[in-house]
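I opened this entry to keep track of what I looked up in one protein model. The notes go from the overall make-up to single bonds and angles.

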Amino acid sequence: MYVSSLLLLLVARGLARSCPAPCTCWNKVSDCSDKELVTPPFGLPLYMTNLSLAHNKVLSLPLGYFSCYTELMVLDLRNNSLTDLPGGLFRPLVKLAYLDLSYNNLSRLTQELLRPARNLVRLLLSHNPGLSVIAPRALSGLPRLQHLDLSFDGLTGISQDLLDGLPATVSIRLAGNPWLCGCSMEPLLKWVTRNLHQCNSDSRDMECAGPPEVKGIPLFTLTEESFKACHFSLTLDDYLFIAFVGFIVSIASVATNFLLGITANCCHRWNKANEEEEM
């Protein structure tokens, strides 16, 4: 019994201190960056707090990959080939404070991906040119978030729910996206204007990519007047007038058709009478 327990203890310690090739591990740091990896390494130290898989060619991360690495506080996944991350991938990482997913090929950010990473302070998602969809509540439940980088992605707009879910003190980078400055852009404009002191300088350079009439115009030059048409509404008098005009038009149409019918009937009778006289 004593020997078995000792063996288990030695195995556990070995797993905790293991470092798979070609990674380098020291002082709870595991560096697997720039190793031409296509799949993530397994057998990393269980008690590491810092993991870098940056500058590789990793295509995907399987659900449950981080289940044993619950002490992670810093996770660097930038400059890989990640296209889609399963919901709940980061669920075991309750201590995670820094997450870098920039320079990948992500297309969407789901509502469940970052939950419950309540200690997340910095979230970097820049330079994902295909990232065009962020779930409305994807960034809610992150009360300690201080820095959010969404620059140079494929975003054309951001929902009001997404903005409302951000902490009041967050700084956000938004430049370099193909923003469509239609009616759906108004909530973002109001939020950024209200929180200018929290935005980095590049966010002030946000430009409209469309519609054509505002292409290339800085977002911050738009005012509430620019969105006036979005709030166009009719009063009761307007509806009554439209109904009255519609009624008159209907009566006029019926009268016109009636007169045309009478005229056509008269012409037919006149032609028939002429034919009988000729005979």
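**Overall make-up.** I began with the secondary structure and counted four helices and twelve strands in the protein. The model is a predicted one. Next I looked up burial: 35% of the 279 residues are buried. I then took the contacts between residues at least 6 apart in sequence, and 53% of these join residues at least 24 apart. For the surface I noted an accessible area of about 16000 Å². Carbon and sulfur atoms account for 61% of that area.

**The sheet.** Which strands form the open sheet, and in what order? I wrote down eight strands, in the order β1-β2-β3-β4-β5-β7-β9-β10. The pairing within this sheet is mixed. The edges are β1 and β10, the latter covering residues 171–173, and each of them pairs on one side only. I also looked up how neighbouring strands are turned against each other, and the average is 5° with direction ignored. As background to the pairing, I kept in mind that strands of a sheet pair through backbone hydrogen bonds, either parallel or antiparallel.

I took one pair for a look in detail. Strands β2 and β3 run in the parallel sense and share three bridges. One residue match I recorded is V29, whose bridge partner in β3 is N50.

**Disulfides.** How many disulfides does the structure hold? I found three, and went through them in sequence order.

The link of C19 and C25 has its sulfur atoms 2.0 Å apart. The angle about its S-S bond is 80°, and the link is right-handed. I checked exposure for both ends. C19 has a relative accessible area of 32%, and C25 has one of 25%. The cut-offs are under 20% for buried and over 50% for exposed, so a value in between is called partly exposed. C19 is therefore partly exposed, and C25 is partly exposed as well.

The disulfide of C23 and C32 also shows 2.0 Å from S to S. I read 110° about the S-S bond, and this link is right-handed. Are its ends buried or exposed? C23 has a relative accessible area of 11% and is therefore buried. C32 is buried too, with a value of 0%.

The disulfide of C181 and C208 again has an S to S distance of 2.0 Å. Here I noted -95° about the S-S bond, and the link is left-handed. C181 sits in the loop between β11 (179–180) and α3 (186–194), while C208 belongs to strand β12 (residues 208–210), so the disulfide ties together parts that are 27 residues apart in sequence. Both C181 and C208 are buried.

**Cis peptide bonds.** I then went through the backbone for departures from the usual geometry. The yardstick I used is that most residues other than glycine have a negative phi, and most peptide bonds are trans.

Which residues does a cis peptide bond join? I noted A21 and P22, with omega at about 5°. P22 is in the loop between α1 (2–17) and β1 (24–26). Another cis bond joins G210 and P211, where omega is about -5°. I placed P211 in the loop between β12 and α4 (236–278).

**Positive phi.** My last lookup was for positive phi in residues other than glycine. K28 has a phi of about 65° and is not a glycine. I found K28 in the loop between β1 and β2 (29–31). Is K28 buried or exposed? Its relative accessible area is 54%, so K28 counts as exposed.

E36 is another residue with a positive phi, near 60°. I located E36 in the loop between β2 and β3 (50–52). The relative accessible area of E36 is 51%, and E36 is therefore exposed.

Methods. Residues numbered from 1 in each chain as written. Predicted model: local features only at pLDDT ≥ 70, side-chain atom pairs only at ≥ 80, totals over all residues. Heavy atoms only, no water. Helix = DSSP H or I, 4+ residues; strand = E, 2+ residues; numbered from the N terminus. Buried < 20%, exposed > 50% of the residue type's maximum accessible area, 1.4 Å probe, protein only. Contact = heavy atoms within 4.5 Å. Areas by Shrake-Rupley, 256 points an atom, 1.4 Å probe, with all protein chains shown as cover. Disulfide = S-S within 2.5 Å. Pairing = 2+ DSSP bridges. Axes fitted to C-alpha atoms, helices over the stretch in contact; angles between N-to-C directions.
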